[in-house]
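I opened a new notebook page for this structure. My plan is to look up a few places and write down what I find.

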Amino acid sequence: MKKVTGNARPIDLKQARDAAENVRIIDEWQENTNRLTVLCSRLHQTLDLNTMLDIFAEELNQVIPFAALAYRRSRSGGDFGYLLGSGGPHHCCYNLSLRGQELGSLRLDRRERFRDDELMFIEQAIGVLIQPLRNAWRYQEALESAMTDGLTGMGNRRALDETLENHVEQARRYTQPLSLLLVDLDHFKQINDTLGHAAGDEILGLVSERIEAQIRSCDQGFRYGGEEFAVVLPHTGQEAAHLVAERLRCAFREQPMHYAERALSITASIGVATLGDSDDEDDLLRAADGALYAAKNSGRDRVRIAGDGTDGLDNAVSV
């Protein structure tokens, strides 16, 4: 056998491993950069907060597997929370802000510890998320402002229309009852005429607080217009809605409101309507409005029920 000779150098296994590791790191960096580019593109396609967080979680999980992702932001308009999955013993948390604006907190949980390179990628992904997240919050706040009554902080007529439409659809889908109250303050014009509109505005604010105090967390109150308010009562039939209306009427009659050290006796007339089998949201509103008219026309400070042969039960019902 002929011996082969040449200038071949012996292989350094350590150098080979280091070279392979460098190639892996470069490939991984390139792949992660591409992932971040895709994430950025997808995040800018929506202004809906839940959709945006769904996209962030989906893209992040393809690179950094996790068991749970939670996002929360506390603010005057109410807390917002998002939760995907269930947690584990190890977690990483981030407080999010952009140019001094607080944007909430993000937390990831899983069973294994997060490696340093994983934490670095998470922070890069959050850097991609932060500006679209701020834009989504600006959009959300603009929507809320357009659907909020500036005087009372309750939903306005536009918000009522959208809420009723959604609740009517749900009531139909799940065969659940739905009721509506229309509340009108009796002789409210006298307050504006004798004490001024500033007093009237303050009283309307107090009225909204009293309504909110008398209804459940799942119920929703709205300023319908002027001195008229609406209360949407999901999962509530006629009898239960009547009891809520009576409780509310009594809360006005029995607890005077105070303005400039003066106790003002405020009463309210209330119309009650419950969704019928073939009714839509407009039918429900018209029925409640007719019942309210009957309450005011029969002496005020009373409750009337739409469709009742006597226009409602006696207002002395004990609640």
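**Entry 1: a leucine and its core**

I started at L133. Leaving aside residues up to four places away in sequence, L133 touches L49, M52, Y71, L96 and L103. I note here that the model is predicted.

Next I looked up the core around this residue. The largest nonpolar core has 34 residues. F56, L60, L69, Y71, L96, I122 and L133 touch the most other members. Which elements each supply at least two residues of this core? I listed three helices: α1 (13–43), α2 (49–63) and α3 (116–146). I also listed four strands: β1 (68–73), β2 (80–85), β3 (90–98) and β4 (101–110). The largest share comes from α3, with ten residues.

I then looked for another core. A second one, separate from the largest, holds 29 residues. L185, A268, V303 and I305 are among them.

**Entry 2: strand β7**

I moved on to β7, residues 228–234. Is this strand enclosed or open? Seven of its seven residues are buried, so β7 is largely enclosed by the rest of the structure. I checked which way the residues point. E228, A230, V232 and P234 go one way. F229, V231 and L233 go the other way. Both sets are buried.

**Entry 3: the partners of β7**

Which strands are joined to β7 by bridges? I found β5, residues 178–185, joined to β7 by seven bridges. These two run antiparallel. As a marker on this pairing I wrote down D184, which stands opposite E228 of β7.

I also found β6, residues 220–225, joined to β7 by five bridges. This pair runs antiparallel too. Here I noted R223, whose bridge partner in β7 is F229.

I looked at the link between β6 and β7. The two strands form a hairpin, with two residues between them. G226 sits in the turn and has a positive phi of about 60°.

**Entry 4: a serine in β5**

I went back to β5 and picked S179, which lies in this strand. Is S179 buried or exposed? Its relative accessibility is 0%, so S179 counts as buried.

What does the side chain of S179 join? I found a polar contact of 2.9 Å to the side chain of T274.

Last, I listed what S179 touches, again leaving out residues up to four places away in sequence. V231, V232 and L233 are on the list. So are T236, G237, Q238 and A241. A273 and T274 complete it. I recall that V231, V232 and L233 are buried residues of β7.

How values were computed: Residues numbered from 1 in each chain as written. Predicted model: local features only at pLDDT ≥ 70, side-chain atom pairs only at ≥ 80, totals over all residues. Heavy atoms only, no water. Core = buried A, V, L, I, M, F, W, Y, C linked by side-chain atoms within 4.5 Å. Buried < 20%, exposed > 50% of the residue type's maximum accessible area, 1.4 Å probe, protein only. Contact = heavy atoms within 4.5 Å. Pairing = 2+ DSSP bridges. Polar contact = N/O pair within 3.5 Å; in protein donor to acceptor, adjacent residues only side chain to side chain.
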